[in-house]
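Subject: Structure handover and notes

Dear colleague,

I am handing over the structure below, together with my notes on it. Please read the notes with the structure open beside them.

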Amino acid sequence: MIKHNNSLRENDMNNQDKLDFSTILATSAHDMKNSLFMLQQSIETLDSADNLSVKQHKDFADLHYQTARINGTLMQLLALYRDEQNSLPVYIEEQSVKEVLVEVIDKNQLYLNCHDIKIDFEVDEELLGYFDRDLITYLIGDIFVNALRHSKTRITLRAFFANDYLNIQVEDDGDGYPQHMLSVSENNQADFNANKGRSGLGLLFAKKIAAEHKSKQLQGHILLENKQQSCGSIFTLRLP
């Protein structure tokens with residue numbers, strides 16, 4: 001019996017010593033995200049120099065774009081971890097939709113300036129919505145960054161109310177969504193395929209954040225579609 005009790009005690013100590021890799025990864029991601037933010041600020045400062053060539057400006061813009069993509073992925077990992085731990089803070093308040101979308105554009109202005117991508121902005125000045133500003137800004141920002149990657153010449157940001165939902169759309173003129181993304185079920189919030197890489201993670205993040213927004217019997221969700229009359233895709237975030 002004594003040996004048995006000692007064995008139980010040793011097992012308890014071993015369990016306490018086991019590393020919680022999810023927590024470690026989340027902590028590391030948070031630190032990396034802060035470092036990337038400082039790196040992005042440094043890139044913006046360096047790009048403001050007067051003696052740079054066109055190629056150097058483009059190189060800085062591309063570097064800034066890549067850090068933005070990595071930062072977005074880390075943000076998604078942190079949010080999904082907190083959601084799994086039931087500790088994701090969601091603060092839903094009245095927000096200006098225009099201000100959020102202008103912020104998304106401003107964060108990517110360096111890339112836009114160097115790659116001649118035009119932005120069509122179809123948002124009413126007075127349009128308001130109820131949502132968590134930080135989470136929705138990250139969500140739309142991630143979709144916008146992906147649109148920059150795939151768009152050929154033009155991106156449209158659009159927002160409007162329809163059927164009790166605030167609709168926020170990011171439309172590009174690229175090659176459109178692949179079939180595996182179009183096949184994602186709106187109702188399956190756990191639909192994540194690691195083989196699809198970052199696109200799968202981004203969709204999971206978008207769906208979970210959208211679903212956190214609820215009003216009466218309505219719940220936020222996303223829609224993915226390809227344009228019928230021309231090339232390109234449309235991402236729609238629908239919030240009650």
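What follows goes from the whole chain to single elements and residues.

Please keep in mind throughout that this is a predicted model, and that every value below is computed from it. The protein has 8 helices and 9 strands, and buried residues make up 41% of its 240 residues. Of the contacts in the protein with a separation of 6 or more, 69% are between residues 24 or more positions apart. The protein exposes about 14100 Å², and carbon and sulfur atoms supply 50% of that area.

Core

The largest nonpolar core has 42 residues, and the members that touch the most other members are Val97, Leu139, Ile140, Phe235 and Leu237. Helix H6, residues 133-150, contributes the largest share of this core, with 9 residues. For Val97, if neighbours within four places in sequence are left aside, the contacts are Val123, Leu127, Leu128, Gly129, Phe131, Ala159, Leu166 and Ile168.

Helix H3 and what comes after

Helix H3 runs over residues 54-84, and its length can be checked in a simple way: at 1.5 Å a residue, its 31 residues should span 45 Å, and because the end C-alpha atoms are 45 Å apart, the expected and the modelled values agree. After H3 comes Asn86, whose phi is positive, near 55 degrees. Leu88 is placed in the loop between H3 and strand E1 (93-96), and at a relative accessible area of 18% Leu88 falls under the 20% limit, so it counts as buried. Apart from residues within four places in sequence, Leu88 is in contact with Ala79, Arg82, Asp83, Leu135 and Ile209. The C-alpha atoms of Leu88 and Glu212 are separated by 9.8 Å, although these two residues are 124 residues apart along the chain.

Around helix H5

Asn108 lies in the loop between helix H4 (97-107) and helix H5 (109-115). With a relative accessible area of 7%, Asn108 is buried, and, not counting residues up to four places away in sequence, Asn108 touches Phe144, Val145 and Leu148. Cys114 lies in helix H5 itself and counts as partly exposed, since its relative accessibility is 26% and that class lies between 20% and 50%. Outside its neighbours up to four places away in sequence, Cys114 touches His57, Lys58 and Ala61; from Cys114 to Ala61 the C-alpha distance is 6.8 Å, with their positions 53 residues apart in sequence.

Two residues that are not glycine yet have a positive phi

Asp116 has a positive phi of about 55 degrees although it is not a glycine. The place of Asp116 is in the loop between H5 and strand E2 (118-122), and Asp116 is exposed, with a relative accessible area of 56%. Lys216 likewise is not a glycine and has a positive phi of about 55 degrees. Lys216 lies in the loop between strand E6 (214-215) and strand E7 (218-219), and its relative accessible area of 82% is over the 50% limit, so Lys216 counts as exposed.

Tyr165 and the rings

Tyr165 is found in strand E5, residues 165-172, and counts as buried at 10% relative accessibility. Setting aside neighbours within four places in sequence, Tyr165 is in contact with Phe160, Leu218, Gln219, His221, Arg238, Leu239 and Pro240. One of these, Leu218, is 53 residues away in sequence and 8.6 Å away in space, C-alpha to C-alpha. Another, Arg238, lies over the face of Tyr165, at 4.3 Å from the ring centre. A charge is also placed over a ring at Tyr138, where the charged end of Lys107 sits 5.8 Å from the ring centre. As for rings that pair with each other, the count comes to 1 aromatic pair when ring centres must lie within 6.5 Å.

With best regards

Notes: Residues numbered from 1 in each chain as written. Predicted model: local features only at pLDDT ≥ 70, side-chain atom pairs only at ≥ 80, totals over all residues. Heavy atoms only, no water. Helix = DSSP H or I, 4+ residues; strand = E, 2+ residues; numbered from the N terminus. Expected span 1.5 Å × (residues − 1). Phe/Tyr/Trp six-rings, centres within 6.5 Å; stacked < 30°, edge-to-face > 60°. Lys NZ or Arg CZ within 6 Å of the ring centre and 35° of its normal. Core = buried A, V, L, I, M, F, W, Y, C linked by side-chain atoms within 4.5 Å. Buried < 20%, exposed > 50% of the residue type's maximum accessible area, 1.4 Å probe, protein only. Contact = heavy atoms within 4.5 Å. Areas by Shrake-Rupley, 256 points an atom, 1.4 Å probe, with all protein chains shown as cover.
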